[in-house]
Structure formats: structure tokens, C-alpha cells
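The following paragraphs lead the reader through a protein structure, from individual aromatic residues to helices and the chain as a whole. Please keep the sequence and the model in view while reading.

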Amino acid sequence: MEHAIYLVTLVGTALVVAAAFSSLIAFRFGAPLLLLFLCIGLASGVDGLGIEFDNARVAYFAGSLALAVILFDSGFGTPLNALRQAAGPALSLATFGVILTTGLFGAAAYYLLDLSWLESFLLGAAVASTDAAAVFFLLRAGEINLRERVRATLEVESGTNDPIAIFLTITLVEIIAAHANPETHVLVTDLILGFLLNMGLGAVVGVLGGLGIVRLVDRLNLDHGLLPIFVLTLSLMVFAAAGAIGGSGFLAVYLAGLIAGNSDIRAVTILKRFQDGMSWLAQIIMFLILGLFATPSQFPAIMVPAVLLGLFLMFVARPVAVWLCLIPFRLPRPEIAFVSWVGLRGAVSILLAITPLLGGLENGRTIFNVAFIIVLVSLVVQGWSVGPLARRLGLIVPARLGPLDKVKLELPGSAHHELLAYRVAPGSPVARGERIPRWARPSLVLRDGRSMRFQDMGRLAAGDQVYIFVPDRYPRLLDKLFASRAVVDPEDADFFGAFAVDPARSAAELEAAYTPGLSEAEQKLTVGALVTARLGGHAEYADRVLIGPIELIVRDVDDKGKITGLGLSFEPTAPVARVPVFLSAGEIGDRVSAFIRNWRKPTETQTAEATANEKALEPTAEKITTEG
């Protein structure tokens, strides 16, 4: 028994270490990290190293707990401004998008696999949700600086679509396991009522749980070493409580993290670091277990239809669902195309595909194997192409700041002040003599191993380490002062225009100088207010507005979303987005219209030529007739 404990511990820790080391490969080559985790699990399983693991209940239990940890961390790290910015499109995708994807994919699965209609929709529900971990790792690994609106939409959608997919999957499993064959209107009614009850209870428990976590952390003076474990345990308690009363535990734990992360909770820095590590560990364990549970020797029998379904999901079901859900929001075509493509499937899809096995369904193993292959296809095809597609669509914007070396320290006994430690970077504004704002209070400077008071240092030099007391929610101005200049390519310099424009100047001056055709009401605005109004009331870094012969580019915004820097160009300098035709219904419409126009042109030309020839022959015919 003792020997078995050592052996299991050795094998388990070796797998986790191998998965952790694989991240170095992924960061270096931009490979989908979760694909590597899955491959390590597959290579260690029954068809690889021979580790036998076929306990569906243990796999589902461990995966559910890991997913709860990941969702709490996802909510904890989602700022409210991102939620406000992308709430409409993201929630539409997380609800109607999941339902539409399930329906479209289920119809294709019915004709490609030997499954009933309900089993086909069950498979569709299992693979309908996206995997946030896969998407954002690829963005970090490829150093892709996406536009804020696109990033926020993907982040919020990925965090909120799992509960809907889980509800649909579990409900369909219960119906099939009960050998029920309900009428369509009865099934739809039961699904809607069950969905509202499940999501409603989950939302209530999540909000109350998040408020309770914040209150307990502030009231109890726990040791900093115990505090992160306490918060993690409370989050799992929220997850379990919601599920125990029939609500969505996954929605509850996400909302609890969202509320806790956006409150003035104590020791937020310590909590974020701990949860980041726990989220990584949860992802590794979940993917390793799911990889071990799979049996690759069973894949060849259903490989062809599974790959076809994976391609159908990527090229048809997901783009159509995204296009229909985003029609009311009038997003630019490149952004819709990117959101359509970045719908990577991951651990949640495999985890949900275990539920048919738990329900004892006859085709449960087939559903699991097909879902597993679809996830592999998604990670391989979409995972390698996220960066190139973002560049092709012109969604990458130049970095706002250069290298920045900053450490945030929690002050004991104070919930409203922080101590920041900055290392002065060469070429940064403070190294060039810029003054630190009055609301920030430098207290100590370290130079060449010696500590001095800030007042005695004189001008700061590159390499100095400065400790500054600041209020919490400090403005980003400090980061700008201590960061070096961002490395800007010539293309990036052109991206922001050749001339700077003061956003506080009157728009009437633009009309007088360039006559872009502004209305009288617009001329009464400032240039910044004009750009904000043209953008629909919300300006974002790198947004662009074409006004007559000039183009105005947002160079920077403050914490409240007010424009603080504008560029001006006389020619559009944004990269032209080449949207793949299969990712945009608008692009398909344009191609069809162009084809019809081009098809009609030869016919019209031939008709015109025939008419011209007839007119040219008329005098000749008349002459022949007269002479005859």
C-alpha cells in the first residue's frame, strides 16, 4: 500500500511537471498549450505508456472542480469596464450563440453519424462552448495586442457561455436516459423553463456569494498565507451551494469571482497571484485527466465523420451563429470574422462529452470520442492561425507602453493605499526629467545598493528603484512615466497619423482648415467630443474616424474613456482588412453580387454589340433592297 502511494504520487507529479515544461515549447513556438496538455495525457494513457484510467465519475468530478476554479479566476480578473463594453455582444453569443451552434451542428451530426436527433443535439451542446484558456494563451504567446473591444468580447463570452452549454447537455442526457420522446413544443417549453430556473438560481447564489466573500475577507483578520485558501474554498462552496438547489454552479462561481474581483477586497494582489497559479494547475490537471480517459485506438472508426463535423463547426456553424447574434450590434466586418474564428473548443467540450457515459447512454462512448476529435481538430487548425488572422484583419494595434518593471505591494491595515516599486527604465519620461504627480508620494530610492530619501536623490537615473505610496485605483499615468518608449515600427508610426491634434480644440477649426463637411452642431463640439460622437459614444485606443479628406486616430484615452490624444492623417493609414469569405456573411453577399454583375456584363456587352451591328447593317440592307 505504501509503495503504491509513492508510485501514484511519482507518476502524477511527473505528468504535471512535463505539462509545465511543455509551456516553454508553446511560448517559444506559439503552439496551442492545451493541445500539448492533451497529448501528454494521451501519450500516458492505455494506448501509450499504459496507465489505465476509465473512471468517468472521477474524471467528471475532478474536471468540474477544476473548471469551477478556472471560472472563478476568470471572473475575478474581468474588469467591469470590459464587461460594460462587451456585455451586449458577448452575452448574445453566450446564450443565443450556443443555442444556434447546437442546432446547426446537431443537424449535421444527425446525417453524418448513426445517432438519433436528440443524441445529435446532445453532441452539439457538448461542443458549443468556447475555451477561454486556449484563446488567451495564444494571444499572450504570440504577443498579440488586440483591440480592447474584441478582447473583451471574447473574454466575457468565454466566461459566460459554459453554464448554458452545461445546462443543455445535462438536460438532454436526462431526457435520453429516461427514454423520453417528448413533442417538440413540450421539449422547448421544458428547456426554456428549466433554463430560466437554473440560470436564475445560479445568478442569485453567485451575487450573494460574491458579496459574502468580500464581507468575510474584510471582517476576518486572517493571515495572508491562509487568506487565498479561504477565498478559494468559499468560491467552491458557492459553486456547490448553487448546484445543490438546482441552479448553475458554474454561473454562480463566475459571478462570485466577478463581484469579488471588482470590489475593494483586501489583499487583492496576493489573491490574484494565488488564483493565477491555481488556475494553471487546474487546467493542467483537467487536461491530463481527460487525455488519460480517452482511448485513441477507438478513434479510427469514427475519424472521418468526426473531422468533417469539426470542419463544419469551424467553417459553418460557428460563423453563422456569430453573424446572426451580432447583427443588432453593427460591429465591423473584421471583428465579426475574428470572433467567428476564435471559437476554440477545449476542456469543457470534452468534460461535457463524459456526461452521456455517466447517464449510461448507448452511444455515450461514440459521443465522447467524436467530441474529443473535434477538440483536437479545433486546437490544431484554429490554434495555429489566431495570430496570422488577427494581423490579416488589422485587429492588432501598436503597444501603448514599452518595457515596465513594476511590483505592487499590499500595505497591512490599509485598504485604500498601495506601495508600488518601479525600476526606472532607460529612456522613460522620469529618466528624462519628468516630475512625479503630487498625489503620488515617493518615499525611498535604491541606487547601487544604497537607500536614500527621494528628496535627497535629485534627478532619477536609469536603474534606480523607486518606492511610491499611491491611492488604490491609481491612474495609469505612473506606468507611462516609468515605462520606456515602446518600440514602434514605421508601419505603426503611420498607423497613428503624421500630425498630433489637441482633443480639446474646437471642431470648427477642423472645418476651417480642411472643410470636411461638419454640421453646425458638430462644429460646436471639441475635436475629442466629435470623434467620440462619431464612434457611437465610446472611444477606444486606436479607433479611427474618416471625416471628409482627413482621418482622425485615437492615440490614447484616460481611465474614464475620455480621449487624451489624437492623430491626423490625410490618407487612410489603417491596414486594409482582407476578410476570409467563409467567416463573413457580408463578404459572401459582396462576392455573390460581384459575380452576378460580372456575369451580366458580358451578356449586356454582347447584346449591345449585336444591336450596334444590326444598326450598321440597316443602311446596307436598305441599299440592297432599293437596288433590287
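Phe293 has a relative accessibility of 1%, and therefore counts as buried. The model in which this residue is found is a predicted one. Phe293 forms part of an aromatic cluster together with Phe53, Phe299, Phe368 and Phe372. Across the whole structure, a search finds 13 aromatic pairs. In one of these, Phe53 and Phe293 meet edge-to-face, with 6.3 Å from centre to centre and 75° between the planes. This pair links distant parts of the chain, since Phe53 belongs to the loop between α2 and α3 whereas Phe293 belongs to helix α11 (residues 268-293), and the two are 240 residues apart. Phe53 differs from its partner in burial: its relative accessibility is 23%, so Phe53 counts as partly exposed, the threshold for a buried residue being under 20%.

A second aromatic pair is made by Phe315 and Trp341. Their ring centres are 5.5 Å apart and their planes stand at 55°, which is why the pair is classed as tilted. Because Phe315 lies in helix α12 (residues 303-326) and Trp341 in helix α13 (residues 333-341), the pair ties together parts that are 26 residues apart in sequence. Phe315 is partly exposed, with a relative accessible area of 29%, whereas Trp341, at 6% relative accessibility, counts as buried.

The loop that carries Phe53 lies between α2 and α3, and these two helices may be considered next. Helix α2 comprises residues 33-44; at 1.5 Å a residue, its 12 residues should span 16 Å, and its end C-alpha atoms are 17 Å apart, which agrees. How many of the 12 residues of α2 are buried? The number is 9, so that α2 is mostly covered. Among the buried residues of α2 are Leu33, Leu34, Leu35, Phe37 and Leu38, as well as Ile40, Gly41, Leu42 and Ser44.

Helix α3 (residues 56-76) contains Asp73. Is this acidic residue, Asp73, buried or exposed? Asp73 counts as buried because its relative accessibility is 19%, and the limit for burial is 20%. Leaving aside residues up to four places away in sequence, Asp73 touches Gln275, Asp276 and Ser279.

Further along the chain, helix α4 (residues 80-112) packs against helix α5 (residues 117-126) at an angle of about 130°, and their axes are 7 Å apart. The two helices are therefore oblique to each other, and α4 passes α5 in a right-handed crossing. On the α4 side, the residues that meet α5 are Thr102, Gly103, Phe105, Gly106, Ala107, Ala109, Tyr110 and Tyr111. On the α5 side, the partners are Trp117, Ser120, Phe121, Leu123, Gly124 and Ala125.

Val238 offers another view of packing, this time from helix α9 (residues 227-244). With a relative accessibility of 8%, Val238 counts as buried. Val238 and Val253 are 15 residues apart in sequence, while their C-alpha atoms are 6.1 Å apart in space. Not counting residues up to four places away in sequence, Val238 touches Val205, Gly206, Gly209 and Ile213, together with Ala252, Val253 and Ala256.

These local descriptions can be set within the whole chain. The protein chain has 23 helices and 9 strands, and 48% of its 628 residues count as buried. Of the contacts between residues at least 6 apart in sequence, 75% join residues at least 24 apart.

Notes: Residues are numbered from 1 along each chain as its sequence is written. This is a predicted model: local features need pLDDT of at least 70, side-chain atom pairs count only at pLDDT 80 or more; totals for chains, interfaces and linings use all residues. Side-chain values use heavy atoms; hydrogens and water are left out. Helices (H or I, at least four residues) and strands (E, at least two) are DSSP runs, numbered from the N terminus. Buried means under 20% relative accessible area, exposed over 50%, partly exposed in between (1.4 Å probe, protein chains only). Contact means heavy atoms within 4.5 Å. The expected span of a helix is 1.5 Å times one less than its number of residues. Rings of Phe, Tyr and Trp (its six-membered ring) pair if their centres lie within 6.5 Å; planes under 30 degrees apart count as stacked, over 60 as edge-to-face and the rest as tilted. Axes are lines fitted to C-alpha atoms, for helices over the stretch in contact, and angles run from 0 to 180 degrees between N-to-C directions. Angles under 35 degrees count as roughly parallel, over 145 as roughly antiparallel, 65 to 115 as roughly perpendicular and the rest as oblique. A crossing is left-handed if the near helix is turned anticlockwise from the far one by less than a right angle, and right-handed if clockwise.
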